[in-house]
Amino acid sequence: MMIKHYQELNVTIEDYAHKNVLEILHQNMSNAMLFESEDIPFDIVKMYSFITLVGNAGRQSTFQIVPPNEVNIQKKKISVISSLGASVIGRAESDKITYGLPGDVISLKIQQVKQINNTNLKQPKIKNY
């Protein structure tokens, strides 16, 4: 529900890249199975997961998926509604993704998913306007 909330907040599509991210996130969310947070398998990327991606040349990158208001590039905290975040959310270890804009797409593999104990994290309050 948290990801759906952030997706719905972005109803304005201002450019191609943003439109593409929302489409990726929508596609991943429409194919998702719903679980209680504590029942999600340990190898599935969810909010606050740490993900290690590896490219074809063996280069690795590790980051954490966070809500948009917690983004911190220096601390490698990537928004779930960013292009990379939307591409990995709901995926599992060993899944392959394509990332980038048409004409500049790379293939990456999810090498590792680590979860934190986030049972104390609260869901955002959804306001009805």
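**Strand pairing, core and loop contacts in a predicted model**

Y99 stands opposite I106 in β5. The model is a predicted one. Y99 itself is found in strand β4. Within the β4 and β5 pair, I97 likewise faces a β5 residue, L108. The two strands run antiparallel and are joined by 4 bridges. Strand β5 covers residues 106-114. The hairpin of β4 and β5 has 6 residues between the strands. In this hairpin, G100 takes a positive phi near 125°.

The surroundings of Y99 reach beyond the hairpin. Neighbours within four places in sequence set aside, Y99 is in contact with S83, L84, S87, D104, V105, I106 and L108. Among these partners, I106 is also the residue that Y99 stands opposite in β5. L84 lies 15 residues from Y99 in sequence, and the C-alpha to C-alpha distance between them is 6.8 Å. Y99 has a relative accessibility of 28%. Buried requires under 20% and exposed requires over 50%, so Y99 counts as partly exposed.

At the level of the whole chain, the protein contains 3 helices and 5 strands. From the N terminus on, the order of elements is α-α-β-β-β-α-β-β. The chain has 129 residues, and 33% of them are buried. Its accessible surface comes to about 8,900 Å². Carbon and sulfur atoms account for 51% of that surface. Among contacts with a separation of 6 or more, 50% link residues 24 or more positions apart.

The 5 strands form an open sheet. Their order in the sheet is β3-β2-β1-β5-β4, with mixed pairing. The edges are held by β3 (77-79) and β4 (96-99). Each of these two has a single partner strand, so one side of each is left without a neighbour in the sheet. From one strand to the next, the twist averages 45°. Inside the sheet, β1 and β5 run antiparallel and are joined by 6 bridges. In this pair, V54 stands opposite K109 in β5.

In soluble globular proteins, nonpolar side chains tend to be buried together. Here the largest nonpolar core has 18 residues. Those with the most contacts inside this core are V45, I51, L53, F63, I65, V88 and I110. Two or more core residues come from each of β1 (50-55), β2 (60-66), α3 (83-88) and β5. F63 illustrates the surroundings of one core residue. Apart from neighbours within four places in sequence, F63 is in contact with S49, F50, I51, L53, K76, I78, L84 and V88. Of these partners, I51, L53 and V88 are also listed among the residues with the most contacts inside the core. L84 is a contact of F63, and L84 is a contact of Y99 as well.

A polar contact is found at the loop between β2 and β3, where E70 has its place. The side chains of E70 and Y48 are joined by a polar contact of 2.6 Å. Residues up to four places away in sequence not counted, E70 touches Y48 and K77. The relative accessibility of E70 is 30%, so this residue counts as partly exposed.

Conventions
Residues are numbered from 1 along each chain as its sequence is written. This is a predicted model: local features need pLDDT of at least 70, side-chain atom pairs count only at pLDDT 80 or more; totals for chains, interfaces and linings use all residues. Side-chain values use heavy atoms; hydrogens and water are left out. Buried means under 20% relative accessible area, exposed over 50%, partly exposed in between (1.4 Å probe, protein chains only). Contact means heavy atoms within 4.5 Å. Accessible areas come from the Shrake-Rupley method with a 1.4 Å probe; for residues, only the protein chains shown count as cover. Two strands pair if DSSP finds at least two bridges between them. Axes are lines fitted to C-alpha atoms, for helices over the stretch in contact, and angles run from 0 to 180 degrees between N-to-C directions. A nonpolar core is a set of buried Ala, Val, Leu, Ile, Met, Phe, Trp, Tyr and Cys residues joined through side-chain atoms within 4.5 Å. A polar contact is a pair of N or O atoms within 3.5 Å; within protein, one must be able to donate a hydrogen and the other to accept it, and residues adjacent in sequence count only if both atoms are side-chain atoms.
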